[in-house]
Amino acid sequence: MSRAGRFIVLEGLDGAGTTTQSRLLGERLRGLGRRAHVTAEPSGGPVGALLRQVLQQRINGGGGGGFDPSALALLFAADRLDHLSAEVLPRLAAGEDVISDRYTLSSLAYQSLTTGDARWVAEVNGLARAPDLTIFLRVRARLALVRRRGAGTTPELYEVDAFQRRVARSYERALVSLRASGQRIAVLDGEQPVAQVADAVAALVAALRRR
Ligand code: TYD
């Protein structure tokens, strides 16, 4: 019987480098001969596809205006459970490591702000299995903004400068509450060069014992 894989989550502001570091970690683990699957939230499933349309501001809520913030928070939570059962859990059970670019901590940071109710956001995410490790890439909002501008992509729903500064503070609060709930969380300086951050991420993962 194969042992379960490890579930690792990368988190941070838009522009913190979670996508790059998720990919690099996957490559590094595969280089060590492990099976590793890199995924992201919003997921590639049906609820994730809907969320991406909302984030790109291609669709509105039923009334034609913006989406109700609580409805959106439930969609992120629903996407998470669908992602888990369809993609994450089967791979972990088959012994594969799974790396997710964003997970529950994103909802605790972003949706706690948009709904104004951090406890409710935690509650609706209560069924989402805890990762073996969440790695938060800490980057100042100002630097994240410079990186997003450098990428030259069209800003999405939450990629507004003033909002990102609030998200940075919200992440710090969410880190405290997730830690208090007993989850394993590491914080890295995401402002270091990409290769240095990748080494630090790999070292944290190497220190994790297989479940
Ligand atoms: P991002 O991860 O930057 O993906 P992409 O590079 O494809 O645009 O975008 C996802 C956005 O969704 C980001 O602004 C954070 C937000 N988000 C939430 O607000 N709550 C969540 O639970 C998740 C997973 C993401």
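Helix H4 is the top contributor to the shell around the ligand, giving four residues. This is a predicted model, and the tour below starts at the ligand, then moves on to the pockets and a cavity. As for where the ligand is, it sits in the largest pocket. Around it there are 14 residues, and the closest ones are Arg52, Arg80, Arg102, Ser107 and Gln111.

**Around the ligand**

- Helix H4 covers residues 104-115, and it shares the job of surrounding the ligand with helix H2 (46-55) and helix H3 (69-93); these are the elements that put two or more residues into the shell.
- Sorted by class, that shell comes out as six charged, five nonpolar and three polar residues.
- Serine 107 has an N or O atom in its side chain that lies 2.6 Å from an oxygen atom of the ligand.
- Arginine 102 does something along those lines: an N or O atom in its side chain is 2.7 Å from an oxygen atom of the ligand.
- With glutamine 111, the ligand's partner is a nitrogen atom, which is 2.7 Å from an N or O atom of the glutamine side chain.
- How much of the ligand does the protein bury? On its own the ligand would expose 550 Å², and the protein buries 85% of that.

**The largest pocket**

- The pocket that holds the ligand has about 810 Å³ of space in it.
- Its lining is made up of 38 residues, and Asp14, Gly15, Thr18, Thr19 and Arg102 are the closest to the centre.
- Arg102 turns up twice, then: it is among the residues closest to the ligand, and also among those closest to the centre of this pocket.
- Which helices supply at least two residues each to this lining? The list is H1, H2, H3, H4, H6 (141-151) and H8.
- By class, the lining has 14 nonpolar, 13 polar and 11 charged residues.

**The second largest pocket**

- Next comes a pocket with a volume of about 320 Å³.
- It has 21 lining residues, and the ones nearest its centre are Leu108, Ala118, Ala122, Ser177 and Leu178.
- Helix H7 (161-180) gives at least two residues to this lining, and so do H4 and helix H5 (118-124).
- H7 gives the most here, with five residues.
- H4 is worth remembering as a link between the sites: it supplies residues to the ligand shell, to the largest pocket and to the second largest pocket.
- The class split for this lining is 10 nonpolar, eight polar and three charged residues.

**The cavity**

- How many cavities of 30 Å³ or more does the structure hold? There is one.
- The largest cavity has a volume of about 30 Å³.
- Its lining consists of Gln21, Leu24, Leu25, Arg28, Ala198, Val201 and Ala202.
- Two helices, H1 (18-31) and H8 (194-206), each bring at least two of those residues.
- H1 gives the most to the cavity lining, with four residues.
- Five residues of this lining are nonpolar, one is polar and one is charged.
- H1 and H8 also each supply at least two residues to the lining of the largest pocket, so to speak doing double duty with the cavity.

Technical notes:
Residues are numbered from 1 along each chain as its sequence is written. This is a predicted model: local features need pLDDT of at least 70, side-chain atom pairs count only at pLDDT 80 or more; totals for chains, interfaces and linings use all residues. Side-chain values use heavy atoms; hydrogens and water are left out. A residue is near a molecule or strand if one of its heavy atoms lies within 4 Å of it. A polar contact is a pair of N or O atoms within 3.5 Å; within protein, one must be able to donate a hydrogen and the other to accept it, and residues adjacent in sequence count only if both atoms are side-chain atoms. Accessible areas come from the Shrake-Rupley method with a 1.4 Å probe; for residues, only the protein chains shown count as cover. On a 1 Å grid over the protein atoms alone, a cavity is a set of points where a 1.4 Å probe fits but cannot get out, and a pocket is an open set with protein on both sides within 12 Å along at least five of seven lines; lining residues have an atom within 4 Å of a point. A molecule sits in a cavity or pocket if more than half of its atoms lie within 2 Å of its grid points. Ala, Val, Leu, Ile, Met, Phe, Trp, Tyr, Cys and Pro count as nonpolar, Asp, Glu, Lys and Arg as charged, and the others, Gly among them, as polar. Grid points are joined across faces, edges and corners, and a volume is the space filled by probe spheres set on the points.
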